[in-house]
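Reader: I have not looked at this structure before, and I would like to be taken through it step by step. Could we begin with the overall build and then turn to single residues?

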Amino acid sequence: MKTLLIATNNKGKIKEIQRLFNGVYPRIITMKEAGLDLDVEEDGQTFEENAIKKATEAMKASGMDSLADDSGLCVDALDGAPGIYSARYAGEHGDDEANNRKLLDEMENIADENRGAAFVCSVALCKTDGSVVVAEGRVEGSILRKETGNNGFGYDPLFWYPPFGCAFGQASAEQKNGVSHRAMALKNLADKL
């Protein structure tokens, strides 16, 4: 039976991947279920490099086809920052409040028409035969001047999504997951398989 290892412990990502790939792989397991505790240093220069590195390390450690992702927020006026440093933009990994505060400070004097941004996700599937399949997803929007809404996480309260007419922080999980950069990247990857 062909097994896919998901190289993450993020429960939201796991559900999304299981939903999209259960027709491709009869068995999908997490790192926890595989008894793996990998901490891969994300030292690539792009989301794709980091995703490939994580998927490759997971495949080598498990002997199974492995899927990993890397994602973040890219702001036009900041030359793509925070980019690959999105989770640790303010210094400490995963401090959403500090990251959002820093982003607002950096964007304070940027005119509304120049506040374009995109959530970007790269996914990589490293197979046991050594081949790697990658795909990307992006969601375009803009950066608000203050946090709006209590839903989501990370930069969601600052990300205005025109098709919804609201911030991701105001959208329901179902709405956001339907158009998320990760969902798009995973769908693009599934299409390649």
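Reader: How many helices and strands are there in the protein?

Author: What you see is a predicted model, and that should be kept in mind throughout. From the N terminus on, its elements follow the order β-α-β-α-α-β-α-β-β-β-β-α-α. Counted by kind, the protein has six helices and seven strands.

Reader: What is the radius of gyration of the protein, and what does the globule rule give for 193 residues?

Author: The C-alpha atoms, taken along the principal axes, fill a box of roughly 55 × 30 × 25 Å. For 193 residues the globule rule gives 16 Å, and the value for the protein is close to that, so the protein is as compact as a globular protein of that length. The radius of gyration itself is 17 Å.

Reader: Which share of the contacts in the protein with a separation of 6 or more comes from residues 24 or more positions apart?

Author: Two other values help to set the scene: buried residues make up 47% of the 193 residues, and the accessible surface comes to about 9800 Å², of which 45% belongs to carbon and sulfur atoms. Among the contacts with a separation of 6 or more, the share that comes from residues 24 or more positions apart is 57%.

Reader: How far apart are the mean positions of the positive and negative charges of the protein?

Author: The protein carries 22 positive and 31 negative charges, and each group has its own mean position. The distance between these two mean positions is 6 Å.

Reader: Is Lys54 buried or exposed?

Author: Lys54 has its place in helix 3, which covers residues 47-62. Leaving aside neighbours within four places in sequence, Lys54 is in contact with Ala7, Val40, Glu42, Ala68, Asp69 and Asp70. Its relative accessible area is 13%, and since the limit is under 20%, Lys54 counts as buried.

Reader: Which residue in strand 3 is paired with Lys54 in helix 3, 16 residues apart?

Author: Side chains of opposite charge can pair when their charged atoms come close. In this case the side chain of Lys54 meets that of its partner in a salt bridge of 4.0 Å, N to O, and the partner is Asp70. The pair links distant parts of the chain, with strand 3 covering residues 65-75. Both residues are buried, and the partner in strand 3 is Asp70.

Reader: Which residues are joined into one network by salt bridges that share partners?

Author: A search of the whole structure finds nine salt bridges, and one of them is the pair of Asp70 and Lys54. Through shared partners, salt bridges make one network of Glu42, Lys54 and Asp70.

Reader: How far apart are the closest N and O atoms of Glu97 and Arg101?

Author: Glu97 and Arg101 both lie in helix 4, residues 96-107, where they are four residues apart, about one turn of the helix. Glu97 is exposed at a relative accessible area of 56%, whereas Arg101 counts as partly exposed at 46%. The two form a salt bridge, and the distance between their closest N and O atoms is 3.5 Å.

Reader: How many residues apart in sequence are the parts that Arg145 and Asp112 tie together?

Author: The side chains of Arg145 and Asp112 meet in a salt bridge of 2.8 Å, N to O. Arg145 lies in the loop between strand 5 and strand 6, while Asp112 lies in the loop between helix 4 and strand 4, so the pair ties together parts whose separation in sequence is 33 residues.

Reader: How far apart in space are Asp69 and Ala7, C-alpha to C-alpha?

Author: Asp69 has its place in strand 3 and is buried, with a relative accessible area of 7%. Not counting residues up to four places away in sequence, Asp69 touches several residues, among them Lys13, Cys121 and Arg182. Asp69 and Ala7 are 62 residues apart in sequence, and their distance in space is 8.1 Å.

Reader: Which residue has a positive phi although it is not a glycine?

Author: The loop between strand 3 and helix 4 holds Pro82, and the peptide bond from Ala81 to Pro82 is cis, with omega near -5 degrees. The residue you ask about is found in the loop between strand 3 and helix 4 as well, and it is exposed, with a relative accessible area of 77%. Its phi is about 55 degrees, and the residue is Asp79.

Technical notes: Residues numbered from 1 in each chain as written. Predicted model: local features only at pLDDT ≥ 70, side-chain atom pairs only at ≥ 80, totals over all residues. Heavy atoms only, no water. Helix = DSSP H or I, 4+ residues; strand = E, 2+ residues; numbered from the N terminus. Rg over C-alpha atoms; globule rule 2.2 N^0.38 Å. Buried < 20%, exposed > 50% of the residue type's maximum accessible area, 1.4 Å probe, protein only. Contact = heavy atoms within 4.5 Å. Areas by Shrake-Rupley, 256 points an atom, 1.4 Å probe, with all protein chains shown as cover. Lys, Arg positive; Asp, Glu negative; His and termini not counted. Charge placed at Lys NZ, Arg CZ, Asp CG, Glu CD.
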